[in-house]
Amino acid sequence: MGKCPECGAWGTVNETAASASAAAPGRRAMLPTTAAAPLSQIDAKVTQARSTGVSELDRVLGGGVVPGSVVLLSGEPGVGKSTLLLEVAHRWAAQRSETSLYVTAEESAGQVRLRADRTGAVHDRVYLAAESDLSIVLGHVEQVRPTLLVVDSVQTMLAPEVDGVIGGVTQVRAVTAALTSLAKASGIAVLLVGHVTKDGNVAGPRTLEHLVDVVLQFEGDKNSALRMIRGIKNRFGSADEVGCFELHEDGIACVDDPSGLFLHHRTDTVPGTAVTVAMDGKRPLVAEVQGLTVKTEIPQPRRAVSGLDYNRVAMVLAVLQSRGRVFLGKHDVYAATVGGMRLVEPTADLAIALAIASAEADIALPAGWVILGEVGLAGEVRKVTGLGRRLAEAERLGFTTALVPPGSEKTKIGSMRIHEVGDLRSALRLAELRKSRAPRDPVPVE
């Protein structure tokens with residue numbers, strides 16, 4: 001070929017022999033820069049977790065942040081992600097003679113300083129940079145040389161050498177890959193803030209979750225101060241842990257014993273209340289279920305549910321009427337949880353049934369009772385998982401009697417009395433709740 005097909009010049013194409021790697025189906029072997037070592041000689045201390053100073057976050061991470069790891073914290077706007085990570089950066093610098101770098105691309109430096117003054121997170125070894133250019137951020141890292149880097153948020157960072165708009169798929173992938181390479185090469189622990197979509201998933205490509213080492217979900221109701229961090233992915237520990245926090249005006253605080261938040265502390269028992277124990281990951285949480293029944297004259301009684309699964313409550317009501325002979329066809333039924341807790345697991349079925357039956361009979365359940373069990377359509381009470389840990393948590397909070405499914409006689413927790421109930425009728429009879437009778441048709445008077 002004498003003429004170049006691209007530039008159109010003559011005599012510029014040189015003949016070159018094809019390399020063996022291009023002709024062969026496999027690639028040519030290259031000499032590795034680091035020789036492979038026996039697994040027994042690998043130092044495990046390199047990946048030893050270091051505490052962040054926030055106990056509940058350390059619980060979810062499996063002991064703390066591992067040097068050279070990348071942690072992605074996602075959550076809805078206003079849930080408290082920036083407040084939590086600013087507190088982590090402050091405690092990281094305060095508890096050791098090391099520096100932390102907080103990079104914000106969504107707020108100005110003055111706004112972050114105002115939040116730090118309000119939450120008490122001002123420290124000389126906490127550095128702040130309000131930048132959105134990834135190249136400039138890397139320059140800050142070389143100057144400050146921190147051991148902890150916080151980027152808020154990854155969707156607002158820009159990689160200049162990559163095409164695409166800020167927050168797009170290409171940009172987010174490139175920024176995350178660059179920060180991951182920085183963490184692995186320098187040993188800096190990197191904490192990333194990620195936005196979420198309307199469905200609650202991490203915004204951006206799914207490969208973003210595969211690039212990082214840990215993915216955490218920060219969630220909470222805007223009408224409540226309770227916040228929870230759930231582990232979705234963790235390469236250094238269990239992904240079933242849950243951390244509890246309370247968001248205040250002066251910052252965010254850890255809740256070491258969250259069970260008390262979901263109980264209404266009173267001196268006497270009230271009809272329509274029952275206590276159960278839910279498992280949030282590996283953490284048992286004692287929760288209170290409340291029920292209320294009100295007579296109505298409308299053809300279709302109302303069913304209102306808060307904090308529970310509506311379909312699950314409807315099924316429990318059907319079983320309660322068919323198998324337990326508690327007729328609610330002329331009653332409005334309300335069921336809810338205390339403290340804004342979301343309770344969806346089947347373990348709460350028996351507690352829901354007894355709370356509603358207690359409200360209909362206007363008879364309070366005995367004090368100190370905790371109720372566990374899944375209710376089937378035949379009225380049977382089925383086994384639940386983690387019964388030992390649930391009962392141990394209830395016994396720690398002072399509960400003395402437990403209603404559990406059959407086959408749990410081997411589970412003995414301290415001095416707690418355990419009653420096995422095989423079906424819903426047995427549970428109603430043990431609780432001494434009167435049976436409602438079906439309303440009879442009026443007899444015509446001649």
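Helices (H or I, at least four residues) and strands (E, at least two) are taken here as DSSP runs and numbered from the N terminus. Two strands count as paired if DSSP finds at least two bridges between them. The model is predicted: local features need pLDDT of at least 70, side-chain atom pairs count only at pLDDT 80 or more, and totals for chains, interfaces and linings use all residues. Residues are numbered from 1 along each chain as its sequence is written, and side-chain values use heavy atoms, with hydrogens and water left out.

A good place to start is the sheet of nine strands. This sheet is open, has mixed pairing, and follows the order β3-β2-β4-β5-β1-β6-β7-β8-β9. Its edges are β3 (126-129) and β9 (251-254); each has a single partner strand, so one side of each is left without a neighbour in the sheet. Neighbouring strands are turned by 25° against each other on average, direction ignored. For such angles, axes are lines fitted to C-alpha atoms, for helices over the stretch in contact, and angles run from 0 to 180 degrees between N-to-C directions. Within the sheet, β1 (residues 70-75) and β6 (residues 214-220) are paired in the parallel sense over five bridges. One bridge can be located by residue: Ser-74 has Gln-217 in β6 as its partner. Strands of a sheet pair through backbone hydrogen bonds, either parallel or antiparallel.

Two helices lie across strands of this sheet. Helix α5 (residues 134-144) lies across β2 (100-104), β3 and β4 (148-152), and runs at about 160° to β2. Helix α6 (residues 169-186) lies across β1, β4 and β5 (189-194), running at about 160° to β5. Contact, here and below, means heavy atoms within 4.5 Å.

Leu-134 belongs to α5. This residue is buried, with a relative accessible area of 3%; buried means under 20% relative accessible area, exposed over 50%, and partly exposed in between (1.4 Å probe, protein chains only). Leaving aside neighbours within four places in sequence, Leu-134 is in contact with Met-157, Leu-158, Ala-159, Val-175, Ala-178 and Leu-179. The C-alpha atoms of Leu-134 and Val-175 are separated by 7.2 Å, although the two residues are 41 residues apart along the chain.

Two UniProt annotations fall in this part of the chain. An unreviewed entry gives "domain: RecA family profile" for residues 46-196. Over residues 46-196 the chain is 40% helix and 17% strand, with its end C-alpha atoms 32 Å apart. UniProt, again in an unreviewed entry, places the feature "binding site" at Gly-75, Glu-76, Pro-77, Gly-78, Val-79, Gly-80, Lys-81 and Ser-82. UniProt positions are in the numbering used here, feature names are shortened, and annotations may be inferred rather than shown by experiment.

Gly-78 and Lys-81, both in that list, can be set side by side. Gly-78 is found in the loop between β1 and α3 (81-94) and is exposed, with a relative accessible area of 64%. Lys-81 is in helix α3 and counts as buried at 9% relative accessibility. Beyond neighbours within four places in sequence, Lys-81 is in contact with Leu-73, Ser-74, Gly-75, Glu-76, Val-193, Gly-194 and Phe-218. A polar atom of the Lys-81 side chain lies 3.0 Å from the backbone oxygen of Glu-76.

Further along the chain, Asp-280 lies in strand β10 (residues 273-280). Asp-280 is buried, with a relative accessible area of 15%. Its side chain makes a polar contact of 2.2 Å with that of Arg-230. A polar contact is a pair of N or O atoms within 3.5 Å; within protein, one must be able to donate a hydrogen and the other to accept it, and residues adjacent in sequence count only if both atoms are side-chain atoms.

Helix α9 (residues 349-361) has 13 residues, which at 1.5 Å a residue should span 18 Å; its end C-alpha atoms are 18 Å apart, which agrees. The expected span is 1.5 Å times one less than the number of residues. In α9, 13 of 13 residues are buried. Just after α9, Asp-362 takes a positive phi of about 60°.

Another open sheet has three strands, in the order β14-β17-β18, with parallel pairing. Here β14 (369-371) and β18 (417-420) stand at the edges, each with a single partner strand, so one side of each is left without a neighbour in the sheet. The twist averages 20° from one strand to the next. Strand β17 (residues 401-404) is joined to β18 by four bridges, and Ala-402 stands opposite Ile-418 in β18.
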